[in-house]
Amino acid sequence: MKKLVKIVLVAFLYGCAGEPVKPSLDPAKNLPQDFGVVALEVINNSDSLSLMNKKWTSVILVRLDSYAEKKRQAIAEGAAKNISAEDVKVYPDVYSLQAKENGMVHNQMFVGAIPQGEYTISRLFSLVRVSNGSSTVEMPVYKMAGKFSVKANRLTDLGGVIFQPLMDISEPDFWGMQQVGKQKAYVTRFEKSQKLDALIRAYFPELPQGFNFDNPIGWIQDDADEIRKDLTNLSRANAG
């Protein structure tokens, strides 16, 4: 249980990221040769996220394998301009998956095409625009879900991800500053009995005939898998 709490707390302490976010490509379009398709279903164990935000609008992904080389190049370019390594700002490659309407109240499908590489889910994000501004809500994920890879011309099926509040989400300070030692929610991944490849085929019949739906790529296994199973069982109990 201590390890479970640590994983949830670390995810909250990452806070809000300031990196630029690129939209993923529509799989229905002509994809670059080095792109693959990512799909996952997000399940909300809550009727809404806030008074104004009913559902998540995007899932934010961070590419992990390209950052070191980007940093090296940026430092080299900075040195040529007499800029110290400490003053060079380097952001990872970040992509957003957009929600695909599926007619479900608590389940949302997110799909997009991104370059091949190794990724993690940075956060779940919700944006609602109103006449006098906007309302945003975001939930950090990172270690709570883990890492996955994307391969060119292949499907990465991430199954399901659950958002589980641990307190009343309607409380005014729920999405405010996280208090150390006070867990408000968690996110965990789980394996769905029904694979998503059939839905992807139906949503995107325009995918090239050579697109590889065989043996979809999944999550990379790690030492937190057992804890995620416990969290999934806890979420299913709360849903019941």
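A nonpolar core, as I shall use the term, is a set of buried Ala, Val, Leu, Ile, Met, Phe, Trp, Tyr and Cys residues joined through side-chain atoms within 4.5 Å. With that in place, good morning, and let me turn to the structure above. Please keep in mind that this is a predicted model.

I begin with the chain as a whole. Its secondary structure comprises four helices and 11 strands. The chain has 240 residues, of which 46% count as buried. Among contacts between residues at least 6 apart in sequence, 79% join residues at least 24 apart. The chain exposes about 13000 Å², and carbon and sulfur atoms supply 52% of that area.

Now to the interior. Which residues have the most contacts inside the largest nonpolar core? They are Trp 56, Ile 121, Leu 124, Phe 148 and Phe 163, in a core of 33 residues. Apart from this core lies another, of 13 residues, which includes Val 37, Val 111, Ile 200 and Leu 207.

Leu 124 deserves a further word. Leaving aside neighbours within four places in sequence, Leu 124 is in contact with Trp 56 and Phe 163. Its other partners on that basis are Val 42, Ser 58, Val 59, Val 137, Glu 138, Met 139, Val 141 and Val 187.

I turn next to two polar residues. Is Ser 135 buried or exposed? Ser 135 has a relative accessible area of 14%, and because the cut-off for buried is under 20%, Ser 135 counts as buried. This serine lies in strand β7, which spans residues 133–140. Its side chain is joined to that of Asn 53 by a polar contact of 2.5 Å. Beyond neighbours within four places in sequence, Ser 135 is in contact with Ser 50, Met 52, Asn 53, Ser 126, Leu 127 and Val 128.

The second polar residue is Gln 108, found in strand β5, residues 107–115. Gln 108 is buried too, with a relative accessible area of 5%. Its side chain makes a polar contact with the side chain of Asn 44, at 3.3 Å.

Finally, the surface. Leu 51, Met 52 and Val 130 form a nonpolar patch there, with about 290 Å² of accessible area together. Met 52 is thus a member of this patch and also one of the residues in contact with Ser 135. Where does Leu 51 sit? Leu 51 is in the loop between β2 (35–44) and β3 (58–63). Its relative accessibility is 77%, so Leu 51 counts as exposed, the cut-off being over 50%.

Terms used
Residues numbered from 1 in each chain as written. Predicted model: local features only at pLDDT ≥ 70, side-chain atom pairs only at ≥ 80, totals over all residues. Heavy atoms only, no water. Helix = DSSP H or I, 4+ residues; strand = E, 2+ residues; numbered from the N terminus. Buried < 20%, exposed > 50% of the residue type's maximum accessible area, 1.4 Å probe, protein only. Polar contact = N/O pair within 3.5 Å; in protein donor to acceptor, adjacent residues only side chain to side chain. Patch = residues over 30% accessible without salt bridge, like charges linked within 9 Å, V, L, I, M, F, W, Y side chains within 5 Å. Areas by Shrake-Rupley, 256 points an atom, 1.4 Å probe, with all protein chains shown as cover. Salt bridge = Lys/Arg side-chain N within 4 Å of Asp/Glu carboxyl O. Contact = heavy atoms within 4.5 Å.
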